[in-house]
Each structure stands twice: as C-alpha cells, then as structure tokens.
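Biologist: I would like to learn how to read cysteines and helix packing in a model. Could we start with the cysteines?

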Amino acid sequence: MTISQEWIRRFDAKWEKDAATECWLWTGAKHVKGYGEIKIPKTRKQIPAHRLSYLIHCGPIPAGKCVLHKCDTPGCVNPKHLFVGTKLDNALDMVKKMRHCYGERQGGHKLTEQEVLDIHKLLKLGMKQKDIAGMFKVGEMLISRIKRGHRWRHIFEKI
C-alpha cells in the first residue's frame with residue numbers, strides 16, 4: 001500500500017497528544033469500539049488509524065498480523081505504543097491485562113463472585129462437590145473447575 005504525503009497530512013491533522021499518557025488520541029472518525037478510522041484515498045474503504053500510523057512510522061505490517069496497543073487505548077495512534085503480533089498474541093494480551101469477559105462480566109455466568117467465594121468455603125469445609133453443585137444448581141464439573149482454579153480464576157487467585 002502506497003502512502004502519499006497527502007494521506008500523511010490528513011492523518012497528522014486528526015490526532016492530539018495527551019501529555020499525561022503520551023497517547024496520540026485520534027480525533028477523526030471512530031469505530032464503535034473507539035478505534036480511529038481513516039478513508040483510504042480514492043477508495044470507499046476505511047483503514048484503522050493505528051494501522052496507518054504503524055505503516056507511516058514503522059513500515060509494512062507482515063501479512064496476517066495485527067497492530068496491537070501497549071497502552072490499551074483504542075483511540076491511540078502513537079507508534080511508540082503500537083506493536084505487531086498475531087491474533088493469538090492479541091487475545092493473550094487481553095487476558096493478561098484482564099480486559100476479557102470473565103466472572104460476572106461474562107454474559108452467560110451462572111454464579112456471582114460471592115457464590116464462588118461461598119463454594120470455596122464449602123469445599124474447604126470438606127463438603128462434596130456433588131452436594132455443592134446441587135445447592136447452586138450447576139454441574140459438578142463447574143465445581144471441580146472452580147476448585148482447581150480453571151474457572152473464576154480471578155477469585156481463586158485472591159484466596
């Protein structure tokens with residue numbers, strides 16, 4: 001993709017530096033999730049603004065790779081805050097930074113955080129997983145996974 005001087009000028013006119021974070025905050029059009037977008041000249045297509053920033057300042061993006069944010073600010077286009085990675089890298093980064101849907105933030109959750117804490121207490125008291133599952137109207141496998149820290153890990157790590 002060829003990047004013209006006109007396109008660079010349009011890009012540079014659409015961000016402002018945040019002195020506190022050093023983020024270059026996109027002031028142009030934004031995607032629903034807050035990522036900046038800019039029209040590719042002479043087309044009807046848009047490109048994410050952070051990808052264009054990476055192209056301008058860092059060079060080509062390898063095929064199949066994503067441009068990720070170190071700062072976790074979707075509207076940031078500062079090339080120092082961007083790095084290239086795979087979709088897996090992006091997913092792992094999201095989990096590491098606790099930005100994924102977990103616990104009560106997950107739409108289909110069957111338990112509350114307090115109930116998970118209660119389950120841990122009952123397990124420590126020696127109550128059978130089958131009985132606990134019946135009390136909370138969940139499967140025994142979920143109780144087992146909670147016990148081992150495979151589900152509700154953020155609660156497991158606190159206790």
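Modeller: A disulfide is a pair of cysteine sulfur atoms within 2.5 Å. This is a predicted model, and by that rule it has zero disulfides.

Biologist: How far is the sulfur of C76 from the closest cysteine sulfur, and in which residue is that sulfur?

Modeller: The closest one belongs to C23, 3.7 Å from the sulfur of C76, and that is too far for a bond.

Biologist: And which cysteine sulfur is nearest to that of C71?

Modeller: That of C76, at 3.8 Å, and C71 is in no disulfide.

Biologist: Are C71 and C76 buried or exposed?

Modeller: C76 is buried, with a relative accessible area of 0%. C71 is partly exposed, at 24%; the cut-off for buried is under 20%.

Biologist: Now the helices. At what angle do the axes of α4 and α5 cross?

Modeller: Helix α4 covers residues 113-124 and helix α5 residues 129-136; their axes come within 10 Å and cross at roughly 155°. Angles over 145 degrees count as roughly antiparallel, so α4 is roughly antiparallel to α5.

Biologist: Is the crossing of α4 and α5 left-handed or right-handed?

Modeller: The crossing is right-handed.

Biologist: Which residues of α4 and α5 meet?

Modeller: From α4, the contact takes in E115, D118, I119, L122 and L123; from α5, Q129, I132, M135 and F136. Sorted by type, the residues of this contact are six nonpolar, one polar and two charged.

Technical notes:
Residues numbered from 1 in each chain as written. Predicted model: local features only at pLDDT ≥ 70, side-chain atom pairs only at ≥ 80, totals over all residues. Heavy atoms only, no water. Axes fitted to C-alpha atoms, helices over the stretch in contact; angles between N-to-C directions. Helix = DSSP H or I, 4+ residues; strand = E, 2+ residues; numbered from the N terminus. Parallel < 35°, antiparallel > 145°, perpendicular 65-115°, else oblique. Left-handed = near helix turned anticlockwise from the far one by under 90°. Contact = heavy atoms within 4.5 Å. Nonpolar A, V, L, I, M, F, W, Y, C, P; charged D, E, K, R; others polar. Buried < 20%, exposed > 50% of the residue type's maximum accessible area, 1.4 Å probe, protein only.
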